Amino acid sequence: MDINKVKNKENRVFKIYCLKDPFTLKIKYIGVTVSSLNQRLSQHIYDSKNNGTYKRNWIKNLISQNKKPIICLLEYCNYKNWEQKDINYWRGFKELNNDPE
């Protein structure tokens, strides 16, 4: 999320969310948005038309199978605490997936 593009960020509700694989229900991505979850998922799907990242290629593959990621709200937060909460979720995600980085 590009925080610099968010207008009135001090008054916005930030949402930490995850994208899950519809076949395995495994979490594949964690993100933050001020948009609705449906809008954010639509943007991920639109962005997947451009190659380049594991996430985009994963979504493109799902779309080719007439599936899409499942988006789930993890937590609401605010301008003052969203970054630390996002970091904490990513750390937990990496630990669950045995990712050393």
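Does N66 count as buried or as exposed, and at what relative accessibility? At 72% relative accessibility, N66 counts as exposed. We will come back to this residue, but let us begin with the whole picture, keeping in mind that the model you are looking at is predicted.

The protein has 3 helices and 3 strands. If you start at the N terminus and walk along the chain, the elements come in the order β-β-α-α-β-α. Of the 101 residues in the protein, 31% are buried. The accessible surface comes to about 6900 Å², and carbon and sulfur atoms account for 47% of that surface. Now consider the contacts in the protein with a separation of 6 or more: residues 24 or more positions apart make up 57% of them.

A good place to step inside is helix α2, which covers residues 54-64. Its buried residues are K55, W58, I59 and L62. Viewed down the axis of α2, these buried residues fall within an arc of 95°, so they line one face of the helix. The spacing fits a general rule: an α-helix has 3.6 residues a turn, so residues three or four places apart point the same way. What lies over the buried residues of α2? The cover includes β1 (14-20), β2 (27-33) and α1 (37-47).

One of these covering elements, helix α1, holds R40. This arginine is buried yet has no salt bridge. The nearest side chain of opposite charge belongs to D47 and is 4.4 Å away, and a salt bridge has to lie within 4 Å. Setting aside its neighbours within four places in sequence, R40 is in contact with Y17, T33, D47 and I71.

How many salt bridges does a search of the whole structure find? The search finds 1. The side chains of K85 and E75 meet in a salt bridge, with 2.5 Å from N to O. The pair links distant parts of the chain, since K85 sits in helix α3 (residues 82-96) and E75 in strand β3, 10 residues apart. K85 is partly exposed, with a relative accessible area of 24%. E75 is also partly exposed, at 22%.

Stay with strand β3, which spans residues 70-77, and you will find L73 there. L73 is partly exposed, with a relative accessible area of 33%. Together with V13 and Y76, L73 makes a nonpolar surface patch of about 280 Å². L73 can belong to such a patch because its 33% lies over the 30% that patch residues need.

Finally, let us look at two loops. L25 is found in the loop between β1 and β2. Its phi is positive, about 65°, although L25 is not a glycine. L25 is exposed, with a relative accessible area of 51%, and the cut-off for that word is over 50%.

That brings us back to N66, which follows α2 and has its place in the loop between α2 and β3. The phi of N66 is near 60°, a positive value in a residue other than glycine. As we saw at the start, N66 counts as exposed, with 72% relative accessibility.

Conventions:
Residues numbered from 1 in each chain as written. Predicted model: local features only at pLDDT ≥ 70, side-chain atom pairs only at ≥ 80, totals over all residues. Heavy atoms only, no water. Patch = residues over 30% accessible without salt bridge, like charges linked within 9 Å, V, L, I, M, F, W, Y side chains within 5 Å. Areas by Shrake-Rupley, 256 points an atom, 1.4 Å probe, with all protein chains shown as cover. Helix = DSSP H or I, 4+ residues; strand = E, 2+ residues; numbered from the N terminus. Buried < 20%, exposed > 50% of the residue type's maximum accessible area, 1.4 Å probe, protein only. Contact = heavy atoms within 4.5 Å. Arc of directions from axis to C-beta. Lys, Arg positive; Asp, Glu negative; His and termini not counted.
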